[in-house]
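User: Got a minute to walk through a model with me? I have a few quick questions.
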Amino acid sequence: MKITFPHMGSSPIAFRMMIEKLGHQVVMPLRPNEKTLSLGSHYSPEFACIPFKILLGTYLEAIKRGAEMIITSGGMGPCRAGYYGVLHEKILKDLGYDIDFVVLEPPQKKAVNFIKKLSKITRSNSLSVVWDALSTAWQKLKVLDLIEALSYEIRPREAVKNETTNVMEECYKLIDRAWTKEEIKESLDRCTKMLKAVKTKDSIKPLKVGIIGEIYVVLEPAANFDIQRMLGDMGVLARRSIYLADWTKDNTFFKGEEHIKKAAKPYLQELVGGHGTLSVGNTVLYAKEGYDGIIQLAPFACIPEIVSKSILGKVTSDLDIPLLTLFIDEQTGKAGVKTRLEAFVDLMQSRRNHKREALA
Amino acid sequence: MKIGIPRTLTYYAYLPLWKGFFEALGCEVVVSDKTSKGILDKGVEYAVNDACIPIKLFHGHVYNLKERVDFLFVPRLLNLTREKTVTYCPKFLGLADMVRASMPGLPPLLDFRIDLRKKRKERQREFKRMATLLGVRPAEVDRAFRRAQRKMSRTLKDLSGKGNPEEVLGILTEDTRNVLLPPQPITLAVVGYPYLLYDDFVNAGLISKLHKMGVRVLTPEMVPEKTLKRKAKSLPKDLFWTFSNQVVRGAIHYIDDGEVDGIIHVTAFGCGPDSMVGKLIELEAKQKTVPYICISLDEHTGEAGVLTRLEAFVDMLKYRRDKQ
């Protein structure tokens, strides 16, 4: 069976290994580009958010390249993304594609269902093979997150432009080749060393920005114009609050994020779905940790993020931290985003200078 | 004591419940004025610009009430149906926090958390909080809520099988509107959230326009609850939102029934749940070859634009029928 899955940041590297270890062929989802988006938008409801459109485009491209089964995740709402699997399947069927669509719903609701669906993928593999596939994929996912996070720390201080980005390309290749537990661990060590070897100017004290918002546009560089890298190239240290491995862990078997929800509580008392509550909570936390600014990323018409945006105005004025909200849709262009980022960086820089003068 | 209820959103669906509840507690219920340009303008001024028009209108209605009531009723509505997996649109869930953050000078909000999935004990805690806010005993709140629930379910029974939207509106909200029912060559299912269908201002008089064209209009509220429940099975997974489920199930009922000549989906610009709802209805209608259009409303919706689209649609339906 030829299997494909959504493209989300660097995670396809880990999912490819998992599915190949289970004896399937993988149709690697391509990094989404403008063509993917316009293909997806063509068949999507007008007001579906950009993740819906990009995913539909990715699926259509993968089907053309021979995919027979699509694996994706479900959800329990109230964010509509939890319903995307159902609607994607209906749209693809309406277009005449007879494709196997496996939507993995969070296991804590209907554990039996989850295992049944999983068995569609695990087939007749022995338990030890399945365990190896799942655990190494999980390990790889975590390694990818760690390396990516490290690159954002180094890039704003790099002495030679683009060096971090070049090293990262090598890193991804290395991690992609690692197949066993030991190899993956070794790849982490080697990548860490390679990144730490990047020459940096340590005198630079970069501006610090916290990135919050909806998971897909925060994680997928193709949807957010590689904003973290763009900021890094401007010499800004941009950290984000969501990483795929952590998020999966917090939202399946384990309960995490409690401290973030607690931070949001004075402003937003209800879980509004998606990442709305976390956006508010993380803003409070970043502000208290002395960040210079917050950037909220969300798809256009994203319901939970609209709720959090309307509250963030008060939060950021209470805590005195600047906020830039970017709602992204198929009309958003890179140049427009860059201009807004540059203006925002200037603003943060002048605030910092003022504060320093006030202290002196 | 005066309790303010904004004349939008849940007003058009659950007024008997809210009114029954507060009146059983001996409070006076004050409803905001009918939606007008002034109310809309205030809403646009205070709400976040990315919000849909119902949320903006809600801000406008809150503004309209805030000077003349002791408390504002802005419930955190999570679940009223006992269906385990459903709740309301995220914007409804965050409503109290949104108005609180964006509008100064509000009277105290009654942000009563209503979740019928929760155990009695947890509900009791909410009743207690409510009782302290209102200065009554918790047992009274409990009793009032149960009495209001009975009133609400009686109202729902009265609704099913009603002939026209005016009657539905009358039963739900005691608002009266003139009924014009000329000969009816065409029957249309008009589906959408109650706060869009029954608010004459926001939908530019859509339903009365259809009546003037001699169209019989059926809405999801007229479908008996049992039928709606049965129709739930035609989707692989329920939507997460109570109102959306009602719209999709109602629409599927009318499409399957074969009684209607066409279906109109009324939605708000940028409505998140409706991007799913609309596509589901569209695909279903396509399969059963029932003509379908979607009319999207926003703060710039004009009478002429709506009228032109309705006329074109109805003309097409008449032509289609004559040909058959």
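Analyst: Sure, we can take domains, a sheet and the chain contact in turn. Keep in mind that this is a predicted model.

User: How is chain A divided?
Analyst: Into domain 1 (2-125), domain 2 (127-202) and domain 3 (206-360).

User: What separates the centres of domain 1 and domain 2 of chain A?
Analyst: 25 Å, taken over C-alpha atoms. Their contact takes 11 residues from domain 1 of chain A and 15 residues from domain 2 of chain A.

User: Which element gives the largest share on the domain 1 side?
Analyst: Helix H1 (residues 12-21) of chain A, with six residues. By type, that side of domain 1 has six nonpolar residues, four polar and one charged.

User: Switching to the sheet. What is the strand order?
Analyst: S2-S1-S3-S4 in chain A. This four-stranded sheet is open, and the pairing is parallel.

User: Which strands are at the edges?
Analyst: Strand S2 (25-26) and strand S4 (100-104) of chain A. Each pairs on one side only.

User: What does S4(A) pair with, and over how many bridges?
Analyst: Strand S3 (residues 69-73) of chain A, over five bridges. Within that pair, Ile70(A) stands opposite Phe101(A).

User: Now chain B. How many residues does each chain put into the contact?
Analyst: Chain A gives 32 residues and chain B gives 31.

User: Which elements of chain A give two or more residues there?
Analyst: Helix H4 (84-94) and helix H15 (303-319) of chain A. H15(A) gives the most, with nine residues.

User: And how does the chain A side divide by residue type?
Analyst: 19 nonpolar, seven polar and six charged.

Key. Residues numbered from 1 in each chain as written. Chains lettered and ligands numbered in written order. Predicted model: local features only at pLDDT ≥ 70, side-chain atom pairs only at ≥ 80, totals over all residues. Domains from an automatic or database assignment. Contact = placed C-beta atoms within 7 Å. Nonpolar A, V, L, I, M, F, W, Y, C, P; charged D, E, K, R; others polar. Pairing = 2+ DSSP bridges.
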